[in-house]
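User: I am new to this structure and would like to go through it by question and answer. Please keep the answers plain.

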Amino acid sequence: MVAKKKLVMIGNGMAGMRAIEEILDANPDMFDITVFGAEQYPNYNRILLSPVLAGDMAVEDIILNEEQWYADNGITLHMGKRIKKIQRGYKKVIAEDGTEVSYDNLIIATGSNPFIIPIPGVDKEGIISFRDIDDCNAMIEAAKQYKKVAVIGGGLLGLEAAKGLINLGMDVTVIHDQSTLMNMQLDQTAGDMLRSSLEEQGMKFSLSTLTTAVLGKERVTGLLFADGTSLECDLLVMAVGIRPNKALAEESGLYCNRGIIVNDHMQTITDASVYAAGECAEHRGVTYGLVAPLFEQAKILAWQITGQGLKSYGGSAVSTKLKVSGVDVFSAGDFQGSPEADVIEYLDRSGGIYKKLVLEDNKIVGSVLFGDTADGPNFFHMLQEGRDISGQRSSLLFGNSVLGDSGHSGIDQASRMAPDTIVCGCNGVTKQTITDAIVKEGCTTRKEVTACTKASGSCGGCGGLVEQILASVLGTAFDASIQEEPICGCTDLTHEQVKDAIKGKHLTMVRETMNVLAWKGEGCHVCRPAINYYIGMYWPLDAEDDRYSRVVNEKMHANIQKDGTYSVIPRIHGGEAKADDLIRLGEVAKKYDIQTIKITGAQRIGLYGVKKEDLVSVWRDLDMPSGFAYGKALRTVKTCVGSEWCRFGTQNSTAMGIRLEKTFDRSWYPAKTKLAASGCPRNCAEATIKDLGVVGVEGGWEIYVGGNGGVKVRAGDLLCMVETDDEVVEITKAYLQHYRETGKHNERTAPWLERIGLEKVKQVVVEDAGNRKALVERMDLYLSTLTTDPWQDRLQDEKQPGEMVEFKEYTAIEIPVQVVNA
């Protein structure tokens, strides 16, 4: 039996571990493998650090290779051990703790280090980079104590860090030395649109600004700029770029430039037994920071080191498809273009969509997409092919989303894609590879395709396209329902399966449902609120609401804030306040020493800083109904003054908005639901970016649906036009009930509409009078049960107030806090 060679890898990140996976696939018995990682974690997905910082994911959710995986594959893993020396003459590595391991082959995959700009004061306390899990944890801890943060760097990392810090409740200003955000990926137009979108999310910017010094004695207190101005801050995040981590290689005598110089087989040019891959490697004068080329390098490295034959790495043509704080962007090639270049553009600022193709000799040489990036892979494929697009110039930018096609358009797009089109840029997976997995390996779900090909296994951005390819290949055999993941780890059932069981078995209690459906344990913060909602949706007359299956905000009927106090936001129908209410709000704020009185973006008045023990008394003294700013319910109906006061108004939008708000007051939905009514097409109430909005026109109303003005901006689709106010209410009832019945818990109307398809919704809600009537009847039945206000209920029941402000009385499950705004 041939003894195994010894393979040591320095670095436990995505590029290096992909190389190990490729080596194991090629020849699992060739090497005795040892991996050293400087961090105290197994291999994790750095692309998903931003959701961890924002609190949307836990560290466990982004682990790519669990510790058990290393053990199962016979790999010796040293976590938290940094290599301090490579002795190439002895072919061994030495860790800082003295651990020594010899090797036959060595892979250096040390990644990169964050670049800290060399200005006075960068050694002060309170300066953090954004590169790993420890950085995330440091920012999360800092946010508990400090409030004003400056982020230097307007690239992807800086913007994602800024978004996460905003979610932690901090006042964030991004400083960038260029006039365009993400200037390496976006042109001026796309950069400006991105800035506007992020400003709506609460981000502040100081562009074309050069930082010259960090102010403060021991800890950062501010920044000084080249123009003499300054900015106060008590936390500074540096996100200005990365530099290859080559120090260890240089010290061992390996030839380095910007990075560790490698040949076309990923061997260092100094020592053929030593390989390098990832962000630390330099190939033909180029270093790469995106995942796709790093995985290409890993494949070539594995091919070479296992002796599979000669395959060469010729460099990577890169495209960038990213989600920046919920906004989709794509760029490839020379997107700025030379002065002589031909440019085709599509711009819809209101809809948040921008598309640009740069052409030379009728061939695509560059592209920028903002808001709608579905055509990005096709454009990139055309760029790589050098395809002549002269016959498509007039239609190329008018993809499915621009034309407003139905939900089936994606299947047509998938079927038109060339076989060698890269679908998953992170893992270099082509359409042909996915098709082969479906046809030859029998994959029928996205999860199976991911397990077989790794497509959508990193950032997940191509998941929708993978499902479209599944649908185009399988045809009628494609079952959309089984693409869905289980609700959570407490069950193997999907949302639809749970809903079907509740409806079919007439289940009316959470505990009963969990018993009947053989739940694993007591449930969790994901499944229990979902079950509770579905029961109330299907059986409004019989449902037994389970208070302990609600998140703390819904249970308390108030939003908990980052300092542990609460906000109280009463209902103000249509934003039209009465003088007595305003006086009472002021008096209550004075009486209870409430810190902030805020006019919210939803045209209401919020009291912020209410002590937990004062909640019931504040409600009693206000004597106003709850505004449900804390729940997955109707939040508000925003209005403009309309024809009652405005000289441009064509319809009475205030009256329409008040009628809608009173009709649907206290109603619950899969997710928070916002409505609006504008009196004319000038759309001052922003009705076209609401879950449902009506716009007054001559002779009636336009009804728009599926809009979203939040993290991922989406312009609403025109559902229909009606003539009367009664028709508006009827269509709204049918539409919202259809959403209530077919939406998944925690799914906003924008993704729901994209999943269901606009044409199908039109058919059910508008075109089929019988369906519409049935939906309205079910909504009316549900609305008839909403007879009491939760604040008043608590006041009338003398036994409830004290219990209501305690949350810990039920210990089997703890629903976590959600900090939300009105």
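User: In what order do the 4 strands of the antiparallel open sheet lie?

Analyst: This is a predicted model. In the antiparallel open sheet, strand 28 (559-560) and strand 30 (596-599) are the edge strands, each pairing on one side only. The order of the 4 strands is 28-29-31-30.

User: Which residue is the bridge partner of Thr-596 in strand 31?

Analyst: Strand 30 and strand 31 (residues 605-610) run antiparallel and are joined by 4 bridges. Within strand 31, Thr-596 has as its bridge partner Tyr-608.

User: What angle does the direction of helix 19 make with that of strand 31?

Analyst: Helix 19 (residues 579-591) packs on the sheet and touches strand 30 and strand 31. Helix 20 (residues 615-622) lies across strand 29 (566-568) and strand 31, and runs at about 10° to strand 29. For helix 19 and strand 31, the angle is about 10°.

User: Which strands stand at the edges of the open sheet with the order 3-2-1-7-19?

Analyst: That sheet has 5 strands with parallel pairing. From one strand to the next, the twist averages 15°. An edge strand here has a single partner strand, so one side of it is left without a neighbour in the sheet; the two edge strands are strand 3 (76-79) and strand 19 (274-276).

User: Which residue in strand 7 is the bridge partner of Val-8?

Analyst: Strand 1 (residues 5-10) and strand 7 (residues 105-108) run parallel, with 4 bridges joining them. In strand 7, Val-8 is matched with Leu-106.

User: At what angle does helix 8 run to strand 19?

Analyst: Helix 1 (residues 14-26) lies across strand 1, strand 2 (31-37) and strand 7, at about 155° to strand 1. Helix 8 (residues 291-305) lies across strand 1, strand 2, strand 7 and strand 19. Its angle to strand 19 is about 165°.

User: Which residue takes a positive phi in the hairpin of strand 4 and strand 5?

Analyst: Strand 4 (residues 83-87) and strand 5 (residues 92-95) run antiparallel and share 4 bridges. Ile-83 has Ala-95 of strand 5 as its bridge partner. The hairpin has 4 residues between the strands, and the positive phi, near 50°, belongs to Lys-91.

User: What phi does Gly-98 take in the hairpin of strand 5 and strand 6?

Analyst: Strand 5 pairs with strand 6 (residues 100-102) in the antiparallel sense over 3 bridges. Lys-92 has Ser-102 in strand 6 as its bridge partner. This hairpin has 4 residues between the strands, and the phi of Gly-98 is positive, near 95°.

User: Which residue in strand 15 is the bridge partner of Leu-223?

Analyst: Strand 13 (residues 211-215) and strand 14 (residues 222-225) pair in the antiparallel sense over 4 bridges, and Val-214 stands opposite Leu-223 in strand 14. Strand 14 also pairs with strand 15 (residues 230-232), antiparallel and over 3 bridges. In strand 15, the bridge partner of Leu-223 is Leu-231.

User: Are helix 15 and helix 17 parallel or oblique to each other?

Analyst: Helix 15 (residues 495-505) and helix 17 (residues 527-538) pack at about 45°, with their axes 10 Å apart. Their crossing is right-handed. An angle from 35 to 65 degrees falls outside the parallel and perpendicular ranges, so these helices are oblique.

User: How many of the residues in the contact of helix 15 with helix 17 are nonpolar?

Analyst: On helix 15, the residues that meet helix 17 include Val-498 and Ile-502, and on helix 17 their counterparts include Ala-530 and Tyr-534. The contact has 1 polar and 2 charged residues, and the nonpolar ones number 8.

User: Is Glu-282 buried or exposed?

Analyst: Glu-282 is found in strand 20 (residues 281-283). Beyond its neighbours within four places in sequence, Glu-282 is in contact with residues including Asn-257, Ile-260 and Thr-287. Its relative accessible area is 3%, and because the cut-off for burial is under 20%, Glu-282 is buried.

User: Does Glu-747 count as buried or exposed?

Analyst: Glu-747 lies in the loop between helix 22 (725-742) and helix 23 (749-756). Not counting residues up to four places away in sequence, Glu-747 touches Pro-670, Ala-671, Tyr-739, Trp-752 and Arg-755. With a relative accessibility of 11%, Glu-747 counts as buried.

Technical notes:
Residues are numbered from 1 along each chain as its sequence is written. This is a predicted model: local features need pLDDT of at least 70, side-chain atom pairs count only at pLDDT 80 or more; totals for chains, interfaces and linings use all residues. Side-chain values use heavy atoms; hydrogens and water are left out. Axes are lines fitted to C-alpha atoms, for helices over the stretch in contact, and angles run from 0 to 180 degrees between N-to-C directions. Angles under 35 degrees count as roughly parallel, over 145 as roughly antiparallel, 65 to 115 as roughly perpendicular and the rest as oblique. A crossing is left-handed if the near helix is turned anticlockwise from the far one by less than a right angle, and right-handed if clockwise. Contact means heavy atoms within 4.5 Å. Ala, Val, Leu, Ile, Met, Phe, Trp, Tyr, Cys and Pro count as nonpolar, Asp, Glu, Lys and Arg as charged, and the others, Gly among them, as polar. Two strands pair if DSSP finds at least two bridges between them. Buried means under 20% relative accessible area, exposed over 50%, partly exposed in between (1.4 Å probe, protein chains only).
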